[in-house]
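Work through the exercises below with the sequence and the model at hand. Each task is followed by a stepwise solution.

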Amino acid sequence: MRAEDLILISVDDHICEPADMFEGHVPEKYRELTPVVRDEKDGAVQQWYYGDIRGRNLGLNAVAGKPPELYNVDALRYEHMRPGCYDVDERVRDMNAGGQLAGLNFPNWTGFAGQVLNQGPDADVNEVMIRAYNDWHIDTWCAAHPERFIPLGLVPYFDVERAVAEVQRLADKGCHAITFPENPEPLGHPSLHTDHWDRLFATCQDLGTVICMHIGSSGKSAFTSHDAPASVPMTLSGMSSAYAAGDLVWGNWWQRFPDLRFALSEGDIGWLPHFLQRADHVYKRHHGWTQAEMPEGRLPSEVFLERTYVCFIQDPVGAELIGHLDEDMVCWESDYPHSDSTWPNAPEFLMETIDAGLTQEQADKILHGNAMRAFQFDPFAVRPRERCTVAALRAESPDVDTVTHVGRRADERDLETWRTYAPPAPATAGSR
């Protein structure tokens with residue numbers, strides 16, 4: 001196998017949505033309630049607002065093309081990031097430069113599961129804005145280059161019946177993936193272990209819609225202490241997926257919805273064999289008193305591996321342990337434009353993972369085939385396969401400058417930004 005011959009489809013990239021994204025997608029009745037980008041701090045910062053609700057950072061970790069000394073948690077204005085972060089045509093050119101055929105793009109300013117648009121005080125307005133976001137995403141962003149983007153929809157999960165209706169509407173538009181909180185309880189909704197979500201799960205099963213759970217979408221991250229350095233939660237980021245996997249592996253819905261499929265986004269895979277071994281141990285030793293039940297008496301690991309997609313950016317350990325996973329349920333992700341991404345050199349970095357233990361057949365499944373099947377996506381119907389390789393795509397955009405010549409040094413921003421993400425220091429006796 002050679003890097004230039006690979007065909008790459010990512011199941012986790014991100015959009016830093018353009019300021020005009022809602023134009024033409026919000027009914028006149030609700031036009032004045034449309035989310036907008038506002039200037040803050042005398043124009044030094046641009047920020048999305050949904051009414052009085054402040055959105056997530058405009059360009060969260062949008063550092064593609066920047067050297068490590070210019071990495072920071074966020075870009076404060078559109079001009080602080082490369083155009084491929086928010087311009088779909090430039091995104092495709094960046095994908096070409098990185099040898100990437102296609103990608104599934106998670107939202108940014110709304111939160112990775114659309115949390116901001118689910119938090120407004122008026123349910124009808126929330127639903128209108130979520131639908132408008134989806135229409136922009138599918139009809140403008142994805143439709144501009146249909147063979148290059150896998151559609152991903154938001155749902156109004158604050159109301160299950162509205163969510164069900166939107167999943168059906170999305171499927172009618174050719175979208176068979178939704179983003180959903182990895183744990184809805186911290187967001188004020190019933191946990192996954194209730195029957196509250198049964199109607200949504202049933203609809204997703206019937207339509208073949210995959211429920212994608214991105215790390216951080218529960219509103220929580222892996223903080224250990226208020227003064228822990230940034231490296232601590234960054235190292236522990238995959239543990240967010242481990243927590244979500246803990247809920248999924250013991251889900252009480254598997255017997256009711258055997259064809260339902262979830263996807264854990266941005267969690268890596270090397271930790272999974274031990275996690276599943278532990279789950280099987282717990283089942284064998286403790287199910288007598290925990291009353292845990294598995295479909296047809298199977299082991300938790302068997303059910304999880306059969307029904308949950310997992311992914312990685314660069315994971316040689318996971319490749320070495322691929323025999324402990326289901327190779328039909330493993331995918332690759334780019335994570336563009338975030339700092340964990342290996343863009344534009346993902347093909348070259350991937351060779352280390354492939355050489356750690358993947359056959360040609362396994363690599364083809366993991367790097368593109370599984371994503372195509374999971375999300376009912378067929379780029380080869382539009383673009384001949386021979387034009388989908390790393391070499392062919394790079395040849396289409398040889399002029400792309402993969403160095404991003406804008407940004408601020410890390411020491412100009414990191415401490416201030418980090419404090420906005422860190423939890424408050426615990427109260428002391430003297431401060432009460």
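**Exercise 1. Cysteines**

Task: Explain why Cys 388 cannot be bonded to Cys 142.

Solution. This is a predicted model, and its geometry can be checked directly.
- Step 1. A disulfide is a covalent bond between the sulfur atoms of two cysteines.
- Step 2. The closest cysteine sulfur to that of Cys 388 belongs to Cys 142 and is 17 Å away, so the gap is too far for a bond.
- Step 3. Check the setting: Cys 388 is buried, at 0% relative accessible area.
- Step 4. Widen the search: the whole structure holds zero disulfides.
- Step 5. Cys 175 is likewise in no disulfide, with the sulfur of Cys 142 nearest at 7.6 Å. The cut-off is 2.5 Å.
- Step 6. Cys 175 is buried, with a relative accessible area of 1%.

**Exercise 2. Helix H1**

Task: Decide whether helix H1 (residues 88-97) is largely enclosed or open, and say what covers its buried residues.

Solution.
- Step 1. Count the buried residues: seven of the 10 in H1 qualify. Buried here means under 20% relative accessible area.
- Step 2. Name them: Val 88, Arg 91, Val 92, Asp 94, Met 95, Asn 96 and Ala 97.
- Step 3. Find the cover. It includes strands S1, S7 (102-106) and S8 (149-150). Helices H3 and H13 (390-396) also contribute.
- Step 4. Conclude: with seven of its 10 residues buried, H1 is largely enclosed by the rest of the structure.

**Exercise 3. Three buried residues**

Task: Place Asn 134, Tyr 30 and Met 351 in the fold, then list their contacts beyond four places in sequence.

Solution.
- Step 1. Asn 134 sits in helix H3 (residues 123-142). Its relative accessible area is 0%, so Asn 134 is buried.
- Step 2. The contacts of Asn 134 beyond four places in sequence are Asp 139, Gly 153, Leu 154, Glu 166, Arg 169 and Leu 170.
- Step 3. Tyr 30 belongs to the loop between strand S1 (9-14) and strand S2 (36-40). At 15% relative accessible area, Tyr 30 is buried.
- Step 4. Beyond four places in sequence, Tyr 30 touches Asp 124, Val 125, Val 128 and Met 129. Take Val 128: it is 98 residues from Tyr 30 in sequence, yet the C-alpha atoms are 7.9 Å apart.
- Step 5. Met 351 is part of helix H11 (residues 346-355). Met 351 is buried, at 13%.
- Step 6. With neighbours within four places left aside, Met 351 is in contact with Met 1, Arg 2, Ala 3 and Leu 6.
- Step 7. Now pair Met 351 with Ile 53: 298 residues separate them along the chain, and 44 Å lies between their C-alpha atoms.

**Exercise 4. Nonpolar cores**

Task: Which residues of the largest nonpolar core touch the most other members?

Solution.
- Step 1. The largest core has 60 residues.
- Step 2. The residues touching the most other members are Phe 180, Leu 200, Phe 201, Trp 253, Phe 262, Phe 304 and Leu 367.
- Step 3. A second, separate core has 34 residues, including Ile 15, Val 26, Leu 58 and Tyr 336.
- Step 4. Return to Phe 304. Outside four places in sequence, it contacts Ala 245, Leu 248, Val 249, Leu 264, Leu 272, Leu 276 and Val 310.

**Exercise 5. Cavities and a pocket**

Task: How many cavities of 30 Å³ or more are there, and what lines them?

Solution.
- Step 1. The count is two.
- Step 2. The largest cavity has a volume of about 60 Å³. Its lining is Val 11, Ala 263, Leu 264, Ser 265, Tyr 309, Val 310, Cys 311, Cys 331 and Phe 375.
- Step 3. Strands S11 (262-265) and S12 (308-312) each give at least two of these lining residues. By class, eight are nonpolar, one is polar and none is charged.
- Step 4. The second largest cavity holds about 40 Å³. Leu 272, Phe 304, Leu 305, Thr 308, Val 310, Leu 325, Asp 326, Met 329 and Val 330 line this cavity.
- Step 5. Helix H9 (300-307) and S12 each give two or more residues to the lining of the second largest cavity. Its classes are seven nonpolar, one polar and one charged.
- Step 6. Turn to the second largest pocket, of about 230 Å³. Its lining has four nonpolar, four polar and two charged residues; among the lining residues are Glu 182, Lys 220 and Tyr 243.

Note on methods. Residues numbered from 1 in each chain as written. Predicted model: local features only at pLDDT ≥ 70, side-chain atom pairs only at ≥ 80, totals over all residues. Heavy atoms only, no water. 1 Å grid on protein atoms, 1.4 Å probe; cavity = no way out; pocket = protein on both sides within 12 Å on 5 of 7 lines; lining within 4 Å. Points joined across faces, edges and corners; volume = space filled by probe spheres on them. Nonpolar A, V, L, I, M, F, W, Y, C, P; charged D, E, K, R; others polar. Core = buried A, V, L, I, M, F, W, Y, C linked by side-chain atoms within 4.5 Å. Buried < 20%, exposed > 50% of the residue type's maximum accessible area, 1.4 Å probe, protein only. Contact = heavy atoms within 4.5 Å.
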